[in-house]
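Please look through the structure below with its interior in mind, following the account from one element to the next.

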Amino acid sequence: MNEMTGESINLVYSSEYGHLYQGDCLELMAQMGDGSVDLVFADPPFNLNKDYGKGINDSLDDADYLDWCRGWISDGIRVLADGGSFFLYNLPKWNIELGHYLGDQGMMFRHWIAIDLKMMLPVPGRLYPSHYSLLYYTKGKPKAFTRPRYPVPVCRHCGGDIKDYGGHRNKLNPEGLNVADVWTDIPPVRHRGTKRRGANELSEKLLKRVVTIGSDEGDLIFDPFGGSGTTYAVAERMHRHWLGIELGDAEPIIARLEGRDFYVEAPNNGDAGKGMTSQRRVKVNSKIDHPSLF
Ligand SMILES: C[S@@+](CC[C@H](N)C(=O)[O-])C[C@H]1O[C@@H](n2cnc3c(N)ncnc32)[C@H](O)[C@@H]1O
């Protein structure tokens, strides 16, 4: 996947909770000890021919892409502690293969979570793809598991319940409904002012839920594909330690973690280019926090 740049990894940011490196995640993982992290969350490039910047080929043959994924997944499993959680976010096309691989490596299947996100384009001759896949595996019996709840959905016009719950509304848990394996409440990330999709960024709400489900306070979370740093920002706020790396431009992540505004620029500036139609610089307000509903 990645051409060897000859550069080794560099520590570019540290906080009370985490460390961010710039470089190839495979190199970082080679230096990490067996069983040293409690949760792995991975949102790799999807091999959709996106511009991720120098040194990243996002248009591999299917077999090469899957080989590359198996490489970092195998290291991810090695560095995961017994009972740790492994979350892998990708297109169903890839996750059906990669879930099989995780099972072959002895990982325990927990869930295929469908994230309903109508951000994709219709594909001629196919059904309209409207979900991403979030695989959730554990290394043996989970050592941390919390089943989150979310508020009972209400009509945004009248405030009344959307469903009638078969007349058992009064028996619902006052803390809300159990989160199921289909998530329809994850918003796409749009930045105020620009209304553009920024830096290939996942919703903080998605990460908060993942971190809640699969880790405890004080655990160490590892995300090998930094992007805009959503995992690290959420880990900080949820008092989890974190370890991160980004092969492209790490500055947007640092700015976000430091609470500074940052600029994303396309192309050839790491992940920043994805989803943008022009090359102008776009200001992103790092202080925007996406509302959490659980
Ligand atoms: C889909 S994005 C991750 C977005 C992130 N989850 C977020 O919410 O901001 C994938 C990122 O992985 C980076 N990347 C690709 N190959 C990498 C590698 N071998 N090591 C580290 N980062 C890599 C890309 O530059 C890109 O920023």
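Helices here are DSSP runs of H or I with at least four residues, strands are runs of E with at least two, and both are numbered from the N terminus. In this predicted model, His 239 takes a positive phi of about 55° just after α5.

The helix that precedes His 239 is α5, residues 230-237, and because 6 of its 8 residues are buried, α5 is largely enclosed by the rest of the structure. The buried residues are Thr 230, Thr 231 and Tyr 232, together with Ala 233, Val 234 and Ala 235. Among the elements that cover them are the strands β2, β3 (37-42), β10 (220-223) and β11 (241-246), as well as the helices α4 (204-214) and α6 (251-257).

One of these covering elements, β2, spans residues 18-22 and holds Tyr 21. Tyr 21 has 23 other C-beta atoms within 10 Å, and since 20 or more make a residue buried, Tyr 21 counts as buried. If neighbours within four places in sequence are set aside, Tyr 21 is in contact with Ile 9, Asn 10, Leu 11, Val 12, Leu 28 and Ile 245. The C-alpha atoms of Tyr 21 and Glu 246 are separated by 6.6 Å, although these two residues lie 225 residues apart along the chain.

Turning to the nonpolar interior, the largest nonpolar core has 49 residues, and those with the most contacts inside it are Val 37, Val 40, Phe 86, Phe 87, Leu 135 and Ile 221. Phe 86 in turn touches Val 40, Gly 76, Ile 77, Leu 80, Leu 102, Met 107, Tyr 137 and Thr 138, when residues up to four places away in sequence are not counted.

Note on methods: Residues are numbered from 1 along each chain as its sequence is written. This is a predicted model: local features need pLDDT of at least 70, side-chain atom pairs count only at pLDDT 80 or more; totals for chains, interfaces and linings use all residues. A residue is buried if 20 or more other C-beta atoms lie within 10 Å of its own, exposed if 12 or fewer, and partly exposed in between; C-beta atoms are placed from the backbone. Two residues are in contact if their C-beta atoms, placed from the backbone, lie within 7 Å. A nonpolar core is a set of buried Ala, Val, Leu, Ile, Met, Phe, Trp, Tyr and Cys residues joined through C-beta atoms within 7 Å.
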